[in-house]
Amino acid sequence: MKKVLAIASGGGHWKQLMLLKPAYDSQTVKYVTTIKGLPEQNNINNFAIVCDSNKNEKLRAIYSFIQMIVIFIRFWPDVVITTGAAPGLLGLILGKLCFKKTIWVDSVANAEQLSLCGKISKKFADVVLTQWEQLADDSTQYKGSVF
Amino acid sequence: MKKPLIFVTTGTQLPFDRLITQINNWASKDKQVNVIAQTANSNGDYHSIKTVDFLTPSEYDEYTSEATVIVGHAGMGTIITGFEKNKPLILMARKFQFGEHRNDHQQSTTSKFDGVKGVYIANDEQELQALLSRYDQLEPASDESSPNRNKLIDYLSTVIENC
C-alpha cells in the first residue's frame, strides 16, 4: 500500500480531486484542502486544512507552506498528487525535495494554456498532465480528463 | 407553495459584481423565485436577493440540491456541481479587463462548454437576462459515465501503484 498525499484547493480543484478519487482510493491517503467542512462532505476522515494562497498573497503563501511542511513530514508520503492550485504546488515542491513521486493534474479549467502553477510544476513534478489533448507536448501529457 | 430556488455562486475566491447586479435586477422584477447567492466578499448592496459571502460546504450542498437552476461564474467547481446535481447551468465568464480574475481562462472555459447539454452560456448582460427569463425551461446537465475520466483514473492508479 502506498501513502498518497492528495492536495487540492477548495472549489473546482477539490471537485476534480474527488472525481479522480478511485485512482488512489485503495491506498493510504491523506487529503489536504483549504475549506473547512469540505472533506466531511465526501466522507473523508484523514485530512488536513491549510490556509489558501495565490501569487498575490505572499505572506499567506509562506504560512501555507509552513503548514504543508508539517503535514508532509508527519505523513511522509510515497506520492504527492494535486489538481492545484498554489497549496498543491507547495506540496509538489516538498515532494520533489524529498525524492517522492510527484504528480500534477492541471485543472480542466485551463483549456488554452497550462495554469501558472502548472507551468511552474514542470520543474518539480515527475508527471505533468493536462486535461486537454491540444495542450500536450514534450513535458506535459494528456491521459484523459474528468469530463 | 414554495417558490423555486435560483442558486447563484461566484465561487470562493473573488467577488463578481457584474453577475450579481444583473441577477438582482432580474429578481427585483420577478418575485416568483427565491434567489440565494454566494458572493465571495462582494461589497455590493442587493435588495432583491439573499446574499451570503461564503456558504459552508453542507449549506452549499443543500442549496445546490434544491435549486431549479444554478447560475454562476465559469468556475470548474460550479460546473462540476451542476453536472453532479443534474441541474441546468447558466454561466457567465469573468473578464480580466474588468478586473474580475487574474486572467481570461474562464472565457476559454465557456467556449469549451458552449453547446454541451444543460450548459447555457451568457456572453453578456442581455444574454444573461434572456436565459434567466426562461430559467424553468432549461435542460439539466448530466454526469454520465465518462470514458475520458476512466482513462485518467486508470493511468493515475498505475503510476501510483508502480512508484
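Colleague: Contact here means heavy atoms within 4.5 Å, right? What covers the buried residues of α1(A)?

Modeller: Right, and helices (H or I, at least four residues) and strands (E, at least two) are DSSP runs numbered from the N terminus. This is a predicted model, where local features need pLDDT of at least 70 and side-chain atom pairs 80 or more, totals for chains, interfaces and linings use all residues, and side-chain values leave out hydrogens and water. Residues are numbered from 1 along each chain, and chains are lettered from A in the order written. As for α1(A), the cover over its buried residues includes β1 (3-7), β2 (28-33) and α2 (38-41) from chain A, plus α3 and α6 from chain B.

Colleague: Nice, both chains then. Why is α1(A) called largely enclosed?

Modeller: Helix α1 of chain A spans residues 12-19, and seven of its eight residues are buried (under 20% relative accessible area, 1.4 Å probe, protein chains only), so the rest of the structure largely encloses it. Those buried are G12(A), W14(A), K15(A), Q16(A), L17(A), M18(A) and L19(A).

Colleague: K15(A) caught my eye. Which residue of chain B does it form a salt bridge with?

Modeller: E84(B), with the closest N and O atoms 3.0 Å apart. The rule is a Lys or Arg side-chain nitrogen within 4 Å of an Asp or Glu carboxyl oxygen, and the count between chain B and chain A is one.

Colleague: And which elements of chain B give two or more residues to the side touching chain A?

Modeller: α2 (57-66), α3 (76-85), α4 (105-113) and α6 (147-161) of chain B. Of these, α6(B) gives the most, with eleven residues.

Colleague: How many residues are in contact across the two chains?

Modeller: On chain B there are 31, and they touch 46 residues of chain A. The two chains bury about 3300 Å² between them (accessible area lost on being put together, 1.4 Å probe, summed over both), with 69% of it on carbon and sulfur atoms. In chain B, the residues losing the most area to chain A are P57(B), L152(B) and I160(B), together 19% of what that side buries.

Colleague: Switching topic: how many residues does the largest nonpolar core have?

Modeller: 49, and Y24(A), Y31(A), I103(A) and L156(B) have the most contacts inside that core. Once more α6(B) gives the most, here with five residues. A core is a set of buried Ala, Val, Leu, Ile, Met, Phe, Trp, Tyr and Cys residues joined through side-chain atoms within 4.5 Å.

Colleague: What is Y24(A) in contact with, beyond its neighbours within four places in sequence?

Modeller: V4(A), A6(A), L17(A), V29(A), Y31(A) and I81(A) in chain A, and I160(B) in chain B. There is also a second, separate core of 24 residues, I20(B), Y46(B), I90(B) and L132(B) among them.

How values were computed
Contact = heavy atoms within 4.5 Å. Buried < 20%, exposed > 50% of the residue type's maximum accessible area, 1.4 Å probe, protein only.
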